Amino acid sequence: MAEFTTLRAANEARQKEWDKGAKIDLSYRGNEMAGETGEACNIIKKLERERLGIVGSRATLEQLAEELADVIICVDLIAMSVGINMEAAVRSKFNVTSEKVGLKTRLAVPL
Ligand SMILES: [Mg+2]
């Protein structure tokens, strides 16, 4: 999951450009993530609308991919702001859940 490391480095670099005074706080980040999650949910609603044959605006999987990417970026920004290692957190939580529900699939620790 080296992608987490790459994303974190890019988020750190971009935030220095974007928030020069480092004014953005955890509350802002939480609202940002909720907003992006809502955007993803709205796309899902429109995809489901098409599947159900209900009139109204439509959306595409490409739009869903963009919004899901925004959510992941926001999650990493929150983790960055409070010093959470997302790779370790995802691995741990994935494996705890597998253990809890009796499934054998685990995320391995990289060599
Ligand atoms: Mg978005």
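**Exercise 1. Determine the hand of the crossing of H2 and H3, and how the two helices pack.**

Solution. The crossing of H2 and H3 is left-handed (the near helix is turned anticlockwise from the far one by less than a right angle; clockwise would be right-handed). The model is predicted, with pLDDT of at least 70 needed for local features and 80 or more for side-chain atom pairs, while totals for chains, interfaces and linings use all residues. Residue numbers start from 1 along each chain as its sequence is written. Helices here are DSSP runs of H or I with at least four residues, numbered from the N terminus.

Next, take the geometry. The axes of H2 and H3 lie 9 Å apart, at an angle of about 160°; axes are lines fitted to C-alpha atoms over the stretch in contact, and angles run from 0 to 180 degrees between N-to-C directions. H2 is therefore roughly antiparallel to H3, a term for angles over 145 degrees.

Last, take the contact, defined by C-beta atoms, placed from the backbone, within 7 Å. Residues of H2 in the contact include Met33, Ala40 and Leu47, and those of H3 include Leu68, Val75 and Val82. By class, the contact of H2 with H3 holds 14 nonpolar, four polar and six charged residues. Ala, Val, Leu, Ile, Met, Phe, Trp, Tyr, Cys and Pro count as nonpolar, Asp, Glu, Lys and Arg as charged, and the others, Gly among them, as polar.

**Exercise 2. Locate Leu68 and state its exposure.**

Solution. Leu68 is in helix H3 (residues 61-82). Leu68 has 16 other C-beta atoms within 10 Å, so it is partly exposed; that class lies between buried (20 or more) and exposed (12 or fewer). Ala40 is 28 residues from Leu68 in sequence, yet their C-alpha atoms are 6.1 Å apart.

**Exercise 3. Check the length of H2 against its expected span.**

Solution. The expected span is 1.5 Å times one less than the number of residues. For the 27 residues of H2 (residues 26-52) this gives 39 Å, and the end C-alpha atoms are 38 Å apart, which agrees. Just after H2, Gly53 has a positive phi of about 75°.

**Exercise 4. Describe the packing of H1 with H3.**

Solution. Helix H1 (residues 2-18) and H3 pack at about 75°, with axes 10 Å apart. H1 is therefore roughly perpendicular to H3, the term for 65 to 115 degrees. Leu7, Arg8, Asn11 and Glu12 of H1 meet Ile73, Asp76, Leu77 and Met80 of H3. These residues divide into four nonpolar, one polar and three charged.

Methods:
Parallel < 35°, antiparallel > 145°, perpendicular 65-115°, else oblique. Contact = placed C-beta atoms within 7 Å.
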